[in-house]
Amino acid sequence: MAIEQLTMPQLGESVTEGTISKWLVSPGDKVNKYDPVAEVITDKVSAEIPSSFAGVIRELIAKEGETLPVGAPICTIEVEGEAAAPEAKPAEEASKAEDNAPPAAPKKAGRANNGRYSPAVLRLAQEHGIDLEQVEGTGLGGRVTRKDLLKLIESGQIPKAGAAPAEEAAPKAEPRTEQPTPAAAPVQPSAAQTAPATAPIKPAAPTIEAGAGDIEIPVTPVRKAIAANMLRSKHEAPHAWTMVEVDVTDLVAYRDAIKDEFKRREGFNLTYFAFFVKAAAQALKEFPQLNSVWAGDKIIQRKDINISIAVATDDALFVPVIKHADEKTIKGIAREIAELAAKTRAGKLRPEDMQGGTFTVNNTGAFGSVQSMGIINYPQAAILQVETIVKRPVVKDGMIAIRDMVNLCLSLDHRVLDGLICGRFLARVKAILENMNKDNTPIY
């Protein structure tokens, strides 16, 4: 028999670590190849890890709630084959040795991270005032991981912005004289001079104690990932907001007239949301500037129009993607909305279901909202909120009439987009929706 290790997979292009949210197996369980063994949460997706081997689970190395870098061992499996080499260390000893190893001394990390860190690492750095440029990473490719920062925090050797690394600063220290001359000792640069040109590091959050009768709810890995993404979007993207109201009376009459027959024929609902996604995808073809992402020193305008849709569960929010939405019919979009929503609520979303989104449409009207400002789905450039359809008295052709009206609210990244182009985009979406009716809007 041989012992094989399962490692943390890379569940996305820029994903560097994952959190074990739930083990689906226990030591002693038999598993087949491709059987799911654990549920993992990253800042992009929730997914199941399949077994790469058939055999018996020997040891669960990672604990539930533990965050590990990509490539780190999570469990061992006993499989049929040659005996493991006697000199190989058991996984448990290796894991303990790593946990007991002294923290790495603060050191310039070079450019292994290229200035990019995971949300969990950024959050810890902000809370404890850690200068990430002085931390030597032990993750894949020299990346700084959450475990690296936790060891530094426990040791108390926290590198601060503007402070020279210990091994460089020690030999330069000189006793201070009453009247120092410029040559007596080098002037240390201030924190303001050496801090990177980013948002200032925040002090650690104050400890908040629960009072009598209060209920403490643990923060799940999914909620932590959502919080990190929302915080990053609001910190990095300068949000602006605009809104138009749309008369969808003809659309409502059209959809209500065919929805029952559509359900009988197709087996799923024809929702208003499918019409709104179709209108947004059509307008994005005419205004591709909104189908862009901010990439630091450039703006990337995406060719494919992949619409992210927000799907809420009882305790989380996921954003699966309708690929090539501009090429799909209203029926095709309605089918994907139904399928993605069902997979999300059943916990069966795959990583590929969440990747590649270029623009987000959010159905806030499902909750009765009439006006809202969405947080942009980073690194996209905009998000469109579709509010609830309400009957209101409006002036039409010089007379007061009762019409079905809906507000469309657009949040935009002002680094990428300006009000003029966004106003034109919303005007085009409005025109498309107000002309959707039985005469000129095919479903199939």
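Here is a short walk through this structure, from how confident the prediction is to a strand and some aromatic rings.

Keep in mind that this is a predicted model. The protein chain has a mean pLDDT of 81, with 78% of its residues at 70 or more. Confidence varies along the way: among the elements of the chain, helix α8 (residues 272-286) has the highest mean pLDDT, 97, while helix α5 (residues 191-194) has the lowest, 42. Two stretches deserve some caution. Residues 104-112 have pLDDT below 50, and beyond near neighbours in sequence this stretch has 24 contacts in the model. Over residues 166-200 the pLDDT also stays under 50, and here the model has 12 contacts beyond four places in sequence.

Now have a look at strand β2, which covers residues 17-23. Is it buried or exposed? Five of its seven residues are buried, so β2 is largely enclosed by the rest of the structure. It also has pairing partners. With strand β7 (residues 67-69), β2 pairs in the antiparallel sense over three bridges, and glutamate 17 has proline 69 in β7 as its bridge partner. With strand β4 (residues 36-41), β2 again pairs in the antiparallel sense, this time over four bridges. There, isoleucine 20 stands opposite valine 40 in β4.

Next come the aromatic rings. A pair of them is described by how far apart the centres are and by the angle between the planes. The count here comes to four aromatic pairs. One of them joins phenylalanine 262 and phenylalanine 268, edge-to-face, at 5.3 Å centre to centre and with 85° between the planes. Both of these phenylalanines are buried. Phe262 and Phe268 also belong to an aromatic cluster together with Tyr444.

Another pair is phenylalanine 359 with phenylalanine 425. Why does this pair count as edge-to-face? The ring centres are 5.7 Å apart and the planes stand at 65°, and planes over 60 degrees apart count as edge-to-face. This pair links distant parts of the chain: phenylalanine 359 is in strand β16 (residues 359-362) and phenylalanine 425 is in helix α10 (residues 419-434), 66 residues apart. Phenylalanine 359 has 0% relative accessibility, so it counts as buried. Phenylalanine 425 is also at 0%, and therefore buried too.

One last stop involves a charge and a ring. Arginine 255 lies over the face of tyrosine 272, at 4.3 Å from the ring centre. Tyrosine 272 brings us back to helix α8, which spans residues 272-286 and has that highest mean pLDDT of 97.

How values were computed: Residues numbered from 1 in each chain as written. Predicted model: local features only at pLDDT ≥ 70, side-chain atom pairs only at ≥ 80, totals over all residues. Heavy atoms only, no water. Buried < 20%, exposed > 50% of the residue type's maximum accessible area, 1.4 Å probe, protein only. Helix = DSSP H or I, 4+ residues; strand = E, 2+ residues; numbered from the N terminus. Pairing = 2+ DSSP bridges. Phe/Tyr/Trp six-rings, centres within 6.5 Å; stacked < 30°, edge-to-face > 60°. Lys NZ or Arg CZ within 6 Å of the ring centre and 35° of its normal. pLDDT = per-residue confidence, 0-100. Contact = heavy atoms within 4.5 Å.
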